[in-house]
Amino acid sequence: MSTIVVLSHKATKLMKLCDLEGFDCLDDLLQVAATESVCPAICMTEGCDCTVEMEPDQDHGFCEACGGNTVTSALVLAGLI
Ligand SMILES: [Zn+2]
């Protein structure tokens, strides 16, 4: 596993999503995301960490918490789609 020297906004959100969904590591989350028809997703707005399940390729899902079209799936955040 590579060391992330500077955590990007995406990486930070991805770690947060992992944490909130109860996964020990990113690999576990991505494993689930890759096999299920829905994927854990998180709002990208600063200060809003609303998580929901979305389509795996979603990158502008509606956030019920802040009202923005800002919810992005874990697979998109990880750069796998
Ligand atoms: Zn939000």
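# A tour from D49 to the zinc site and the helices

Select D49 to begin: with 32% relative accessibility, D49 counts as partly exposed. The model on screen is a predicted one.

**Stop 1: the partners of D49**

Keep D49 selected and add K13. The two form a salt bridge, and their closest N and O atoms are 2.9 Å apart. K13 sits in helix α1, residues 9–21, while D49 is in the loop between β1 (39–43) and β2 (51–54), so the pair ties together parts 36 residues apart in sequence. Is K13 buried or exposed? Its relative accessibility is 5%, so K13 counts as buried.

Now add K16. The side chains of K16 and D49 also meet in a salt bridge, at 3.9 Å from N to O. This pair again links distant parts of the chain, with K16 in helix α1 and D49 in the loop between β1 and β2, 33 residues apart. K16 has a relative accessible area of 34%, so K16 is partly exposed. Because the salt bridges share partners, K13, K16 and D49 are joined into one network. The count of salt bridges comes to two.

**Stop 2: the zinc ion**

Select the zinc ion next. Which residues are its protein donors? They are C43, C48, C63 and C66, each through its SG atom, lying 2.3 to 2.4 Å from the ion. Along the sequence these donor residues follow the spacing C-x4-C-x14-C-x2-C.

Display the angles among the four donor atoms. They run from 104 to 120 degrees, and the site is tetrahedral. For comparison, the ideal angle for four tetrahedral donors is 109.5 degrees.

Colour two of the donors by accessibility. C43 has 0% relative accessibility and counts as buried. C48 is buried as well, with a relative accessible area of 11%.

**Stop 3: A65**

Select A65, which lies in the loop between β3 (61–62) and β4 (69–73). At 57% relative accessibility, A65 counts as exposed. Leaving aside neighbours within four places in sequence, A65 is in contact with C48 and C50. For a link back to the start of the tour, take the distance from A65 to D49: they are 16 residues apart in sequence and 8.7 Å apart in space, C-alpha to C-alpha.

**Stop 4: helix α1**

Select helix α1, the helix that holds K13. α1 has 13 residues and reaches 18 Å from its first C-alpha to its last, close to the 18 Å expected at 1.5 Å a residue. Its buried residues are A11, K13, L14, L17 and C18. Turn the view to look down the axis of α1: the buried residues fall within an arc of 160 degrees, so they line one face of the helix.

What do the buried residues of α1 pack against? Show α2 (26–35), β1, β2 and α3 (74–77), which are the elements they pack against. Before moving on, select G22, just after α1, where phi is positive at about 85 degrees.

**Stop 5: helix α2**

Select helix α2. L29, L30 and A33 are its buried residues. Looking down the axis of α2, these residues fall within an arc of 95 degrees, so they line one face of the helix. Turn to the other side of α2 to find Q31 and T35, which are exposed. The buried residues of α2 pack against α1, β1 and α3.

**Stop 6: P56**

The last selection is P56, placed in the loop between β2 and β3. P56 counts as partly exposed, at 22% relative accessibility. Which residues does P56 touch, not counting those up to four places away in sequence? Show S37, C39, S73, L75, V76 and I81. Then take the distance to T35, seen at the previous stop: the C-alpha atoms of P56 and T35 are separated by 10.0 Å, and the residues are 21 apart along the chain.

Conventions
Residues are numbered from 1 along each chain as its sequence is written. This is a predicted model: local features need pLDDT of at least 70, side-chain atom pairs count only at pLDDT 80 or more; totals for chains, interfaces and linings use all residues. Side-chain values use heavy atoms; hydrogens and water are left out. Donors are N, O and S atoms within 2.8 Å of the metal (3.2 Å for Na, K and Ca); water is not among the atoms, so sites may look incomplete. Four donors count as tetrahedral if all angles lie between 85 and 135 degrees; four count as square planar and six as octahedral if opposite donors are over 155 degrees apart and all others between 65 and 115; anything else is irregular. Buried means under 20% relative accessible area, exposed over 50%, partly exposed in between (1.4 Å probe, protein chains only). A salt bridge is a side-chain nitrogen of Lys or Arg within 4 Å of a carboxyl oxygen of Asp or Glu. Helices (H or I, at least four residues) and strands (E, at least two) are DSSP runs, numbered from the N terminus. The expected span of a helix is 1.5 Å times one less than its number of residues. The arc is that of the directions from the helix axis to the C-beta atoms. Contact means heavy atoms within 4.5 Å.
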